[in-house]
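Here is a set of short exercises to work through with the model open beside you. Try each task before you read its solution.

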Amino acid sequence: SRSLDPSRFIFGVWWVTLIIGMVIALMGLGIMGLFSINLPQSVYMIETKADSPGGSFFFGVLTAVLGLPCFGFVVGGLLAGAATLPWFAIMAVFMGLGLGMALPYLLLAARPELLRFIPRTGPASDLVKQVMGILLLAAAAYFISAGVKAVTSDYPYLEGSIAWWAVGFFIAIAGIWMIIRTFQITRSAVRRVSFMVIAVAMVLGIGVFANGKFSEDRENYKALAAAMKNQNLNTAAVPSGVWMKYTPELLASVRASGRSVFLDFTADWCINCKALKRLLLDREPVLTRLRGTDIVLMEVDCTSTRAAGWDLLKDLGRTGVPTWAIYGPDAKLGPVVIDLTTPTSQNVLDAIDRAGVPQGTPTTSASR
């Protein structure tokens with residue numbers, strides 16, 4: 001039998017890949033000079049002169065640490081390949097890295113006159129560091145994107161809220177930095193507490209929003225998966241009470257069966273779309289009406305300018321998102337477009353009634 005590829009245990013685990021990407025990103029920002037790490041003074045007191053065995057050893061360790069940003073991303077990429085090699089090949093790879101790092105110092109120690117060929121520090125060296133930092137960010141983007149793809153593969157329902165978790169990550173960093181700097185620049189207890197409260201409120205606010213979106217998507221995914229076990233979504237047997245992805249074919253099939261359809265025109269970049277859906281459609285009393293009626297819910301994605309949803313939106317006489325529209329069971333009646341200039345629950349309920357959507361238990365629903 002074939003042996004398992006050990007690399008999948010390194011890069012197949014989403015959080016490992018994300019950590020590697022973030023570490024590389026930090027190295028890139030550091031080499032560009034955006035921040036510096038000051039070690040304890042005791043570390044600088046370590047003897048690193050090359051005239052003693054201990055000093056030579058610590059000098060080599062220090063050299064490796066200082067050179068890490070220049071080759072760390074290469075080593076990260078080597079981990080997957082090295083994990084599949086025999087032990088002696090792995091040792092040869094990393095010994096080669098060590099020898100490669102040490103060789104310039106060996107040459108300069110044997111021929112000190114070569115130092116005159118080494119460029120002096122100045123604008124050119126700063127440029128080299130900046131370019132290397134940007135290249136490190138490119139390597140970080142590769143690992144982070146791979147980690148994001150892996151986590152959305154493991155948890156498909158996370159796709160809709162992952163952008164908000166990313167926003168929350170940076171808001172959390174901003175909050176932590178606000179607290180640290182507040183303690184550094186003021187001794188006032190009132191100001192320290194005030195800014196701590198603001199920082200915590202920022203993080204909790206985006207956290208509650210992201211978690212709400214995550215929970216909604218997870219429940220919707222579970223309900224859709226349960227409904228798809230025994231139903232063919234290419235026919236009229238489409239579950240109600242579950243947000244489906246719009247396609248022209250699916251809409252035509254549902255409309256031909258005489259069922260009602262609620263359309264939510266939205267886009268990933270539209271914050272108002274997300275907020276209005278959370279405030280009105282996902283709360284009572286609209287939530288009960290949508291789930292307690294034989295009405296198919298469809299999310300019409302307009303994130304891309306080439307998305308099919310824009311053609312349907314144009315047919316409704318609208319030019320932007322958010323837009324909500326309802327097709328009633330009577331094919332002779334046109335769609336009812338909800339006026340979102342005054343977004344209230346009552347406006348949504350009135351529009352559902354004007355479309356002729358009957359109240360009652362849905363005939364085809366996904367169990368929750």
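**Exercise 1. A contact between helices**

Which residues does Ile171 touch, not counting residues up to four places away in sequence?

*Solution.* Keep in mind throughout that this is a predicted model. Step one: locate Ile171, which sits in helix α7, residues 162-185. Step two: list its contacts, which are Met202, Val203 and Ile206. Step three: check the backbone for one of these pairs. Ile171 and Val203 are 32 residues apart along the chain, yet their C-alpha atoms are separated by 6.2 Å. Step four: classify the exposure of Ile171. Its relative accessibility is 22%, so Ile171 counts as partly exposed, since buried would require under 20%.

**Exercise 2. The start of a helix**

Find the residue in the loop between β1 and α9 whose side chain has a polar atom 3.0 Å from the backbone nitrogen of Leu250.

*Solution.* The residue is Thr247, found in the loop between β1 and α9. A polar atom of the Thr247 side chain lies 3.0 Å from the backbone nitrogen of Leu250. Now look across the sequence: Thr247 and Gly309 are 62 residues apart, with 8.1 Å between their C-alpha atoms. With a relative accessible area of 32%, Thr247 is partly exposed.

**Exercise 3. A buried arginine**

Which residues of helix α9 are buried, and what covers them?

*Solution.* First, mark the helix, residues 248-256, and pick out Leu250, Leu251, Ser253, Val254 and Arg255 as buried. Second, look at what lies over them: the cover includes β1 (243-245), β2 (260-266), β3 (295-301), α12 (309-315) and β4 (323-327). Third, step past the end of the helix to Gly258, whose phi is positive, near 85 degrees.

Next, how far from Arg255 is the nearest side chain of opposite charge?

*Solution.* That side chain belongs to Asp330, 7.2 Å away, and Arg255 has no salt bridge although it is buried. A salt bridge would need a distance within 4 Å. Look instead at the backbone oxygen of Gly328, which lies 2.9 Å from a polar atom of the Arg255 side chain. Contacts of Arg255 that are further than four places away in sequence are Val261, Tyr327, Gly328, Asp330, Ala331 and Leu333.

**Exercise 4. The nonpolar core**

Name the residues that touch the most other members of the largest nonpolar core.

*Solution.* The core has 25 residues, and the ones to name are Met244, Leu263, Phe265, Met298 and Val321. Then ask where the core comes from: α8 (189-228), α9, β2, β3, α12 and β4 each give two or more residues. Another core, of 20 residues, lies apart from it and has Phe262, Trp324, Val348 and Ala351 among its members. In soluble globular proteins, nonpolar side chains tend to be buried together.

**Exercise 5. Three cysteines**

Which cysteines form a disulfide, and is it left-handed or right-handed?

*Solution.* Begin with the sulfur atoms: those of Cys270 and Cys273 are 2.2 Å apart and form a disulfide. The structure holds 1 disulfide. Next, take the torsion about the S-S bond, which is about 85 degrees, so the disulfide is right-handed. Then check exposure: Cys270 is buried at 6% relative accessible area, and Cys273 is buried at 2%. Finally, turn to Cys302, which is in no disulfide; the nearest cysteine sulfur, that of Cys273, is 8.3 Å away. Cys302 is also buried, with a relative accessible area of 0%.

**Exercise 6. Charged pairs**

Which residue forms a salt bridge with Arg278, and which parts does the pair tie together?

*Solution.* The partner is Glu216, the closest N and O atoms being 3.5 Å apart. Arg278 lies in helix α10 (residues 271-281) and Glu216 in helix α8, so the pair ties together parts that are 62 residues apart in sequence. Then add the salt bridge between Lys277 and Asp282, at 3.4 Å from N to O. Salt bridges with shared partners join Glu216, Lys277, Arg278 and Asp282 into one network.

For contrast, try a pair within one helix: Lys213 and Asp217 form a salt bridge at 3.4 Å. These two are 4 residues apart in helix α8, which means about one helical turn separates them.

Conventions: Residues numbered from 1 in each chain as written. Predicted model: local features only at pLDDT ≥ 70, side-chain atom pairs only at ≥ 80, totals over all residues. Heavy atoms only, no water. Buried < 20%, exposed > 50% of the residue type's maximum accessible area, 1.4 Å probe, protein only. Contact = heavy atoms within 4.5 Å. Lys, Arg positive; Asp, Glu negative; His and termini not counted. Polar contact = N/O pair within 3.5 Å; in protein donor to acceptor, adjacent residues only side chain to side chain. Core = buried A, V, L, I, M, F, W, Y, C linked by side-chain atoms within 4.5 Å. Disulfide = S-S within 2.5 Å.
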